[in-house]
Amino acid sequence: MKRQIGIVTLLFLMGCTPESTNEGTEPPTLEETRSESETDRETSTTEESNLEIGEVTAIAENLSIPWSLARTEEGWLVSERGGTITVIDSSGRATRQDVNFKESVFEIGEGGLLGLALSEDFESSGILYAYHTYGSSGRNVQNRVVELTWDGERFEETDVLLDEIPGARFHNGGRLLLDGEHLWVTTGDALVPELAQDESSLAGKILRIPLSGEGKPTDWIYSLGHRNPQGLSQIDEVLYASEHGASGHDEVNVIEEGNNYGWPIIEANQEQDGLVTPWFEVGETSWAPSGIATDEQYVYMATLRNERLVAIDRETKQVTTIVEDVGRIRDVWLEDDTLYFISNNTDGRGNPQPQDDQLYQVTIR
Ligand SMILES: [Ca+2]
């Protein structure tokens with residue numbers, strides 16, 4: 001299946017919606033406190049991007065609320081929110097696999113099986129890492145990070161890296177990124193904004209977990225003041241994270257050790273001593289960003305509510321739309337000149353096509 005796509009340079013954000021929160025409907029969490037001038041985002045330049053965008057092609061179909069995309073030698077692994085991992089081979093044949101977790105995946109709102117990250121020797125060891133929600137309804141919703149092992153037939157939980165990360169119906173974070181001997185993890189504020197500023201809580205943080213397990217969980221807090229970060233990518237030792245704003249004003253931050261990214265004291269382009277204002281924010285209209293990927297020139301970002309895959313120029317911050325006709329987009333993976341991405345129309349907030357959700361690819365050069 002092929003879809004025509006176009007290239008659109010966003011000169012300014014389109015009409016504002018009065019109520020645009022996160023991935024979809026959720027309780028309001030912050031009063032409008034910013035001044036009018038602060039809502040006027042600097043518009044992007046009119047330079048042409050140098051992206052040469054090809055046709056969008058579907059690789060695999062019938063994914064069930066996919067969340068995270070990981071490349072294997074032979075194909076792909078896709079986590080699915082209900083707790084399964086779909087294994088996709090080089091021909092696009094998809095096989096849904098159960099995962100033998102020691103705590104059941106609790107699928108609630110935005111929680112469930114979320115991030116995946118493959119070990120560097122995955123092809124020989126079968127080891128990967130997963131982030132999932134567990135517990136039960138009420139106050140007992142939490143998230144954990146586990147090691148899984150794939151033996152070619154089933155995924156088995158073989159270790160726990162971290163558990164008791166605060167969770168909730170919404171704002172579970174959940175993105176993983178492996179970096180040598182450390183695993184980066186994004187956590188959400190679990191609908192309790194103050195926890196993002198609480199250095200004794202793992203909520204609303206970006207964590208850097210040593211695979212050795214050395215230290216205690218609060219030692220692993222790398223940055224704080226995050227609301228609901230769901231995208232993480234590193235290029236040239238610069239770490240970028242995408243984050244959902246309370247109402248529009250989604251952010252992309254450059255993450256540095258010990259920084260406080262402000263939630264819920266400030267958000268978007270507000271400034272305060274000791275708090276970091278984002279590298280990029282989307283303005284009034286919610287994009288609901290999720291997975292990101294990076295190269296020398298761009299941050300590529302999957303967006304849910306905005307239903308686009310975009311490229312943000314790392315120097316000019318000019319935004320180029322790469323894909324805009326497959327619905328909600330949850331995650332993106334860059335390899336050479338090709339972006340691979342998964343739609344997210346089957347989670348109850350989209351308008352799924354009969355083949356949804358799907359893994360797609362598009363060339364960009
Ligand atoms: Ca912030």
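Two residues are in contact if their C-beta atoms, placed from the backbone, lie within 7 Å. Keep that cut-off at hand for these exercises on a predicted model.

**Exercise 1.** Find the residues in contact with Y300, leaving aside its neighbours within four places in sequence.

*Solution.* Start at Y300 and apply the 7 Å cut-off. Once the neighbours within four places are set aside, the contacts of Y300 are I292, A293, L309, A311, V332, L334 and L339. Next, place Y300 in its surroundings: along with L309 and I322, Y300 has the most contacts inside the largest nonpolar core, a set of 91 residues. As background, nonpolar side chains tend to be buried together in soluble globular proteins.

**Exercise 2.** Work out why strand β19 (residues 251-255) is described as largely enclosed by the rest of the structure.

*Solution.* First, count buried residues: four of the five in β19 are buried, so the strand is largely enclosed. Then look at its partners. Strand β18 (residues 238-243) pairs with β19 in the antiparallel sense over five bridges, and Y240 has V254 as its bridge partner there. Strand β20 (residues 280-281) also pairs with β19 in the antiparallel sense, over two bridges; here V252 stands opposite F280.

**Exercise 3.** Trace the strand order of the open sheet of five strands and find its edges.

*Solution.* Reading across, the order is β8-β12-β11-β10-β9, and the pairing is mixed. The edge strands, β8 (99-100) and β9 (113-118), each pair on one side only. Now step inside the sheet: β10 (residues 127-135) and β11 (residues 141-150) form an antiparallel pair over nine bridges. In β11, T149 is the bridge partner of I127.

How values were computed
Residues are numbered from 1 along each chain as its sequence is written. This is a predicted model: local features need pLDDT of at least 70, side-chain atom pairs count only at pLDDT 80 or more; totals for chains, interfaces and linings use all residues. Two strands pair if DSSP finds at least two bridges between them. A nonpolar core is a set of buried Ala, Val, Leu, Ile, Met, Phe, Trp, Tyr and Cys residues joined through C-beta atoms within 7 Å. A residue is buried if 20 or more other C-beta atoms lie within 10 Å of its own, exposed if 12 or fewer, and partly exposed in between; C-beta atoms are placed from the backbone.
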